[in-house]
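Trainee: I would like a close look at a single part of this model. Please take me through one helix, its salt bridges and its surroundings.

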Amino acid sequence: MPQIPQSFHELTVGQLSARSGAAVSALHFYESKGLITSSRTSGNQRRYTRDALRRVAFVRAAQRVGIPLATIREALAELPEERTPNHDDWARLSRAWRSELDERIKQLGRLRDHLTDCIGCGCLSLETCVLSNPDDVFGDRMTGSRLMPERGAADRS
């Protein structure tokens with residue numbers, strides 16, 4: 001792993017990658033999504049301030065628990081410009097994200113429980129299938145074993 005002298009306040013993309021464990025392509029992607037920022041040298045090379053390390057760690061930790069990038073970006077946007085997320089930020093955000101994660105866990109549990117039912121019936125009917133058509137929401141409008149896009153009135157004549 002490349003050593004970064006304390007006197008350097010900016011990191012190259014390779015240094016940031018080595019220190020954070022994120023691939024260079026991931027760092028470019030994070031930057032394109034507004035999760036981290038860089039400046040450019042006169043030779044058009046990216047340079048990241050040292051606080052990018054904490055921001056990348058924050059993004060990766062949030063991703064590991066299933067938080068979508070758009071939600072992560074919104075959370076980072078609430079912080080003052082260039083400030084890195086700290087312990088209090090993580091605690092506040094994780095409390096807010098807890099209910100969202102709990103709901104996803106419930107949904108995954110329901111999918112897991114109904115997967116056996118679906119395999120057991122063998123039909124994979126989209127009319128009543130709890131995986132493809134939860135609560136038979138399409139049953140009120142149509143019947144059949146395939147869910148086809150509804151046609152407009154002009155198509156029916």
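Mentor: What follows is a walk along one helix, with a short detour at the end. This is a predicted model, in which local features need pLDDT of at least 70, side-chain atom pairs count only at pLDDT 80 or more, and totals for chains, interfaces and linings use all residues. Residues are numbered from 1 along each chain as its sequence is written, and side-chain values use heavy atoms, with hydrogens and water left out.

Take helix H5, residues 87-121. Helices here are DSSP runs of H or I with at least four residues, strands are E runs of at least two, and both are numbered from the N terminus.

Start with Asp89 and Arg92. Both sit in helix H5, 3 residues apart, about one turn of the helix. Their side chains form a salt bridge, N to O 3.5 Å. That term requires a side-chain nitrogen of Lys or Arg within 4 Å of a carboxyl oxygen of Asp or Glu. Asp89 counts as buried because its relative accessibility is 6%. Arg92 is partly exposed at 33%. The cut-offs are under 20% relative accessible area for buried, over 50% for exposed, and partly exposed in between, with a 1.4 Å probe and protein chains only. The pair does not stand alone: Glu78 joins Asp89 and Arg92 in a network of salt bridges.

Now Trp97. This residue also belongs to helix H5. Trp97 is buried, with a relative accessible area of 6%. What does Trp97 contact, leaving aside its neighbours within four places in sequence? The partners are Phe58, Ala62, Ile67, Thr71, Ala75 and Trp90. Contact means heavy atoms within 4.5 Å. Thr71 lies 26 residues from Trp97 along the chain, and their C-alpha atoms are 9.2 Å apart.

Further along come Glu100 and Arg104. They lie 4 residues apart in helix H5, again about one turn of the helix. Their side chains meet in a salt bridge at 2.4 Å, N to O. Both ends are partly exposed: Arg104 at 27% relative accessibility, Glu100 at 29%.

Finally, the detour. The structure holds 5 salt bridges. One of them joins Arg46 to Glu31, with the closest N and O atoms 2.9 Å apart. Arg46 lies in strand E3 (residues 46-49) and Glu31 in helix H2 (residues 24-32), so this pair ties together parts 15 residues apart in sequence. Arg46 is partly exposed, at 23% relative accessible area. Glu31 is buried, at 19%.
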